[in-house]
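Here is a short briefing on how some helices sit against each other. Please look at the structure first, then read on.

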Amino acid sequence: MKKLTPVFIISVIIAFSFIIWGIVAPTNLDRITSDIQGFITDQFGWFYLLAATGFLTFAFILIVSPIGRIKLGKEEDEPEYNYVTWFSFLFTAGMGIGLVFWGVAEPINHFYAPPTSENILSQQHAAGIALRYSFFHWGLHPWAIYSIVALSLAYFKFRKGSPGVISATFEPLLGERINGAIGTTINVIVVFATIFGVATSLGFGTAQISGGLSNLTNIPNNTTTHMVIIVVITILYMASSQTGLNRGILILSKANIFLAVGLMLFLLFSGPSNFIMNSFTQTIGSYIQNLVRMSFQLDTFNPDSNWVQGWTIFYWAWWIAWAPFVGTFIARVSKGRTIREFVIGVIAVPTIFGALWFSIFGGTAIHLELFEGANLMGVINEYGTEVALFAVLQQYHFGTIMSGIAILLIASFFITSADSATFVLGMQTTNGSMNPPNTVKFIWGIIQSSTAAVLLLSGGLDALQTASIIAAFPFTIIMIFMIFSLVKALRAERIPPRKIKEYE
């Protein structure tokens, strides 16, 4: 193995220290991180909202600007992957486990506990609000966040020949200082945002696999089962990570798409099809119409409410914590695309897919509650959020079989997300190597799973959310300066002469 970088050494030492802290004093870890998280959400919720909306605004500007014609690479470079494969990578890396976990659970939670800022007039009104906020949390904002990081990395890596690390994107602002202590600090922060962001998803995936197995068998849904699942999945994704990007991750990404689409089609045609498509159409319009208001909603004049902190701010922090991982991975597979093609592809396609997903799974769940007398919220309260999906599938013929397929899909997403994350962490700690050594990926794989296990042991799903919010805060600041650096570099660009005519 090549000489270890300072980023790798420092990050590993701090990561193992955190894991040991969680093993030795889990209650102390939970208390301290909860206090930090509470301070951040209470004092800086506005900061997350302004930052996320600013990232979305910047992405829109890139789409309509002549700069959008610039390639992420040399002018002769062509995309390495076709659209189907590219979108498979985006979907798998971006939100796989999260969509499966929250597809039913979030709309049902919003249905029974809607945003306190909304004037709920009836159950039917609450249903529309529930789907609209689900679209909002999984739509344009998160993918804009991912696109900013991915675009910066791809631009500097493929067009400027810089190393594929976050610190390299600051060269226009910092010059040679990116190779010193400042650059190392930036990359260490990136590593920890990645670890905690991915650990959150892995924890959700573990809980849902356990809930599904408990729903189908006599296996108990408890801490022991969670730890066994983490060990088994870790072995599987570590094996996959040794095969490289174009084998393990590529094959599993395509398998994920087929399984996810198959599950969607089953529920679309088994469930209330017309209601689902009507909900999709109506909620898209409501989402677009209310986008600006929701983007700045803090419920300031209702101090007793913590709805925004528990949902919107958590999500924005989670997406930001995920951004180094997803952004690095998307950048790696996006060489040769123009900025406009890239930003539209990264934002629009996953947003539409996510909206359709919530319409099918959340819409079906709401239909069961409104018109068929199901008590899904009672099931969630008794058995946990992780069983919500299986409670819906069991309402239909072949529900047991489809629940098994859902567990397989979650496991596949788990493996792919963790596999992709080991690749990204390997890149970020080997000065941007496009093919990190297997030894480095193995070490990060163990750290990822151990972190997820420690968080589950110390505070369950709440601890996972806490970790994301804390990790995202410093990286949000890094992203803001990353935009200034990217703009400075793009202003020095010249649009190829053959393109200029299109803007005259």
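Helices α1 and α7 are oblique to each other, because their angle falls in none of the other classes: under 35 degrees is roughly parallel, over 145 roughly antiparallel, and 65 to 115 roughly perpendicular. This is a predicted model, in which local features need pLDDT of at least 70 and side-chain atom pairs count only at pLDDT 80 or more, while totals for chains, interfaces and linings use all residues. Residues are numbered from 1 along each chain as its sequence is written, and side-chain values use heavy atoms, with hydrogens and water left out. Helices are DSSP runs of H or I with at least four residues, numbered from the N terminus.

**α1 and α7**
- The axes of α1 (residues 6-24) and α7 (residues 181-216) come within 9 Å and cross at roughly 40°. Axes are lines fitted to C-alpha atoms over the stretch in contact, and angles run from 0 to 180 degrees between N-to-C directions.
- The crossing of α1 and α7 is right-handed, meaning the near helix is turned clockwise from the far one by less than a right angle.
- On the α1 side, the contact (heavy atoms within 4.5 Å) includes P6, V7, I10 and F18. On the α7 side, T184, N187, F192 and F196 are among the residues met.
- This contact has 11 nonpolar, 3 polar and no charged residues. Ala, Val, Leu, Ile, Met, Phe, Trp, Tyr, Cys and Pro count as nonpolar, Asp, Glu, Lys and Arg as charged, and the others, Gly among them, as polar.

**α4 and its partners**
- α4 (residues 123-137) and α10 (residues 273-295) have axes that come within 8 Å and cross at roughly 65°. The two helices are therefore roughly perpendicular.
- Contact residues include L131, R132 and F135 of α4 and F280, Y287 and R293 of α10. By class, this contact has 9 nonpolar, 5 polar and 2 charged residues.
- The crossing of α4 and α10 is right-handed.
- α4 packs with α11 (residues 307-332) at about 30°, with the axes 10 Å apart. That angle makes α4 roughly parallel to α11.
- Y133, F136 and H137 of α4 make this contact with residues of α11 including W307, W311 and W319. It has 7 nonpolar, 2 polar and no charged residues.

**The bent helix α2**
- α2 (residues 26-64) has 39 residues, with end C-alpha atoms only 49 Å apart. A straight helix would reach 57 Å at 1.5 Å a residue, the expected span being 1.5 Å times one less than the number of residues.
- α2 bends by about 70° at F44. The bend is the angle between axes fitted to the seven residues ending there and the seven starting there.
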